[in-house]
Amino acid sequence: MYPCKSPMENKIKLLLVMRGYNRDMICFRGSENNRELRYGYWKYISSKDINYIETITNCKLDGFFTEDSDCGDLTSYIIKENNNVSRKRHSIN
């Protein structure tokens with residue numbers, strides 16, 4: 001299929017697998033500056049799981065939804081890395 005090309009993609013894949021998604025159905029496509037995530041053949045990833053990924057990583061997954069008359073609903077997620085945003089760290093105190 002289409003392999004991960006960055007540490008961020010590896011992290012997204014790991015988080016999806018931890019949430020119960022099939023590792024073999026997770027793929028990343030596109031050019032170096034325009035990457036997208038697909039699950040299976042354009043399958044939907046729950047918004048709860050998208051929020052989980054966005055909370056853990058430094059990226060935003062913008063859903064792209066369309067409908068095909070032959071295949072039905074098609075979904076992919078455009079990956080936008082937030083390199084200038086620092087994540088909140090939780091302390092023990």
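How many salt bridges does the structure hold? The structure, which is a predicted model, holds five salt bridges. Three of these are described below, after an account of the fold in which they are set.

The protein chain contains two helices and four strands. Read from the N terminus, its elements follow the order α-β-β-α-β-β. Of the 93 residues in the chain, 33% are buried. Among contacts with a separation of 6 or more, 50% are accounted for by residues 24 or more positions apart.

The four strands form an open sheet in the order β1-β2-β4-β3, and their pairing is antiparallel. Strands β1 and β3 stand at the edges with a single partner strand each, so one side of each has no neighbour in the sheet. On average, neighbouring strands of this sheet are turned by 30 degrees against each other, direction ignored.

Two of the strand pairings involve β4, which spans residues 72-81. With β3 (residues 59-68), strand β4 runs antiparallel and is joined through ten bridges. One residue pair that illustrates this register is Thr66 and its bridge partner in β4, Leu74. The connection from β3 to β4 is a hairpin of three residues. With β2 (residues 34-39), strand β4 also pairs in the antiparallel sense, here over two bridges. In this pairing, Ile78 in β4 is the bridge partner of Glu36.

Both helices can be placed relative to the sheet. Helix α1 lies across β1, β2, β3 and β4, and runs at about 155 degrees to β1. Helix α2 also packs on the sheet, where it touches β3 and β4, and its direction makes about 155 degrees with that of β3.

The helices pack against each other as well. Two packed helices are described by the angle between their axes and the distance between the axes. For α1 and α2, the angle is about 135 degrees and the axes are 10 Å apart. Angles over 145 degrees would count as roughly antiparallel and those from 65 to 115 degrees as roughly perpendicular; α1 and α2 are therefore oblique to each other. Their crossing is right-handed. On the side of α1, the residues that meet α2 are Lys11, Ile12, Leu15, Leu16 and Met18. Their counterparts in α2 are Tyr52, Ile53 and Ile56.

With the elements in place, the salt bridges can be located. Arg35 and Glu9 meet through their side chains in a salt bridge with an N to O distance of 2.7 Å. This pair links distant parts of the chain, since Arg35 belongs to strand β2 and Glu9 to helix α1 (residues 7-18), 26 residues apart. Arg35 and Glu9 are both buried.

A second salt bridge is formed by the side chains of Arg19 and Asp49, at 2.8 Å from N to O. This pair, too, links distant parts of the chain: Arg19 lies in the loop between α1 and β1 (26-31), and Asp49 lies in helix α2 (residues 47-56), 30 residues apart. Is Asp49 buried or exposed? Asp49 counts as buried because its relative accessibility is 10%, and the limit for that class is under 20%. Arg19, by contrast, has a relative accessibility of 33% and therefore counts as partly exposed.

A third salt bridge joins the side chains of Arg38 and Glu36, with 2.9 Å from N to O. Arg38 and Glu36 are both buried. Glu36 has already appeared above, as the residue whose bridge partner in β4 is Ile78.

One backbone feature remains to be noted. Most residues other than glycine have a negative phi. Trp42, however, has a phi near 65 degrees, a positive value in a residue other than glycine. Where is Trp42 placed? Trp42 is found in the loop between β2 and α2. With a relative accessible area of 17%, Trp42 is buried.

How values were computed:
Residues numbered from 1 in each chain as written. Predicted model: local features only at pLDDT ≥ 70, side-chain atom pairs only at ≥ 80, totals over all residues. Heavy atoms only, no water. Pairing = 2+ DSSP bridges. Salt bridge = Lys/Arg side-chain N within 4 Å of Asp/Glu carboxyl O. Buried < 20%, exposed > 50% of the residue type's maximum accessible area, 1.4 Å probe, protein only. Axes fitted to C-alpha atoms, helices over the stretch in contact; angles between N-to-C directions. Parallel < 35°, antiparallel > 145°, perpendicular 65-115°, else oblique. Left-handed = near helix turned anticlockwise from the far one by under 90°. Contact = heavy atoms within 4.5 Å.
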